[in-house]
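Please open the model in your viewer and keep the selection panel at hand. The stops below move from one selection to the next, and each says what to pick and what is found there.

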Amino acid sequence: MDCCVRTLRENELDDWVEFVAECFASKGTQATYFRRHIEDDPDFDSQLIFVACKHKEHGEVSFVSTCRVFSRKVMMNGVAIPMAGIGEVCTSLYHRRQGLAQRVITFALDVARKKGFLISSLHTSRKELQRYYSALGFISVRTRYKIYSLDQTKNYSHSPDLNVTISTASTQQAPIIMEYLCKRNQTDFQEQTEATKEENSATSNILSQQTLNDHILKIIGGHVQEQHAQLLLSFNGPVVRSRRYWDHWLMSELKAKCCAVINLSNGYAFIEIRNIQHNYEYHVMEWVSQPGSAEELLDIIKCLHFHQAERIGNDVVSLDECSVHIPSPLVEQFGCDIVLPCREFVDEGWMYMVLDPFSSLLTRLCSNHKRHPQAENPISTTNLVKLLERQPSDMSCEDNPSMHLFLRLDAF
């Protein structure tokens, strides 16, 4: 079949969304998901969508394969590196196993290289796709998670004293964002909630979409962007966020998930709540605080669990079917006081590739690796992976576990 690979044209965007939604229909991903990734991405560029297409009679064009490049910057050793994130890769059912996706991705990476992106990244949880992308030159970076079971010796018949407001972008059941504050912030919280209710004529405890973003930023103290900078300086791999990125992409992703936005004594946390066959999983997507603040975080997660049980009418709340998932680097940075037993899971789905091996910036960063004072030139993807798995403050410890951190709200 004669197919051409090219950049998407601006007047083809709606057709492209429908094509991608059709390809992902078996996974239940709707067109609204892909449209959200366009409308709420402040760095969206239609010239970074690439398609393989075939021409029909009368000049009609049909897409058969595609991928999109997400324009991002990631922090490495305190330097923002332009990164081409590869996402929304798909091929129509009747055109698979013909090498089309490889052609589109190769074309996309070549364009990204010419546009000045120094590295590329993608994520896949499927082992066969990891092997596929490895053949294209990507290398996996280990991302560690700790999974905790909360105190199994305690059963509670009531919710602890906690103020809760549930805010939703619509009157439908999902998506929901839950914002929780500890008792110490009760006064401020009540004042903010009452002020918000006066501004909205909606039902009690339901916030309008227009005020949701500002309300969340108020709840977590207004300093979340500055606190997030701690992660940028402490780890290699986090995405650099502009204010527009916070206001659009981050808030959109929070609204699309069932999330808790938590105000801690000296920081904040974003937690995704999953109910899998009545087993609750609490995934800490972000956590910035002072070292030794884990007890406070875990206590609030217990409160989230109580609230979930109350929502479904359970009188007695048990922690038997409750687990907490936290990126290991965050535990080792902020959670030195956690004494609960845990198991560790290693995600090898984040994969990277060097696009410009002769970049002087990458050469300088890799040369700062104390064990490799003179990094090879050109820079290889292996050099990049070694850099991503180290902490900026301790680049000499190659034998330590990977400290790579990619926050899930930034996933594309």
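Begin with a single pair of residues in this predicted model: select glycine 85 and serine 121, which stand opposite each other, the serine belonging to strand S5. Widening the selection to the two strands concerned, you will find S4 and S5 paired in the parallel sense over 3 bridges, with S4 covering residues 79-91 and S5 covering 119-123.

Next, keep S4 on display and add S3, residues 61-76. These two strands run antiparallel and are joined by 11 bridges, and within this pairing threonine 66 is placed opposite cysteine 90 of S4. Follow S3 to the turn, since S3 and S4 form a hairpin with 2 residues between them, and there asparagine 77 has a positive phi of about 55°.

Now extend the view to the whole sheet, which is open, has 7 strands with mixed pairing, and follows the order S1-S2-S3-S4-S5-S17-S6. Strand S1 (4-7) and strand S6 (139-140) stand at the edges with a single partner strand each, so one side of each of them has no neighbour in the sheet.

With the sheet still shown, select helix H11, residues 360-367, which lies across S3, S4, S5 and strand S17 (350-354) and runs at about 110° to S4.

The next stop is a pocket in which S3 takes part. What volume does the second largest pocket have? The value is about 250 Å³, and the lining consists of 13 residues, among which Phe19, Lys56, Val61, Ser62 and Phe63 lie nearest the centre of the pocket. If you colour the lining by residue class, the division is 5 nonpolar, 3 polar and 5 charged. Helix H1 (13-23) and strand S3 each supply at least two residues of this lining, and S3 gives the most, with 4 residues.

From there, go to helix H4, residues 127-136, and pick glutamine 130 within that helix. Is glutamine 130 buried or exposed? The relative accessibility of glutamine 130 is 7%, and this residue therefore counts as buried, the cut-off for that class being under 20%. To see what surrounds glutamine 130, show Thr124, Ser125, Ser140, Glu348, Gly349 and Met351, all of which it touches when residues up to four places away in sequence are not counted.

A further residue to select is serine 293, found in the loop between strand S13 (279-288) and helix H9 (294-311). Serine 293 counts as buried because its relative accessibility is 10%. Leaving out residues up to four places away in sequence, serine 293 touches Trp287, Phe334 and Asp337. If you set a distance label between the C-alpha atoms of serine 293 and phenylalanine 334, the separation is 6.3 Å, although the two residues are 41 residues apart along the chain.

Finally, release the selection and look at the protein chain as a whole, which contains 12 helices and 17 strands. Of its 412 residues, 52% count as buried. Among the contacts in the chain with a separation of 6 or more, 71% are accounted for by residues 24 or more positions apart.

Notes. Residues numbered from 1 in each chain as written. Predicted model: local features only at pLDDT ≥ 70, side-chain atom pairs only at ≥ 80, totals over all residues. Heavy atoms only, no water. 1 Å grid on protein atoms, 1.4 Å probe; cavity = no way out; pocket = protein on both sides within 12 Å on 5 of 7 lines; lining within 4 Å. Points joined across faces, edges and corners; volume = space filled by probe spheres on them. Nonpolar A, V, L, I, M, F, W, Y, C, P; charged D, E, K, R; others polar. Pairing = 2+ DSSP bridges. Contact = heavy atoms within 4.5 Å. Axes fitted to C-alpha atoms, helices over the stretch in contact; angles between N-to-C directions. Buried < 20%, exposed > 50% of the residue type's maximum accessible area, 1.4 Å probe, protein only.
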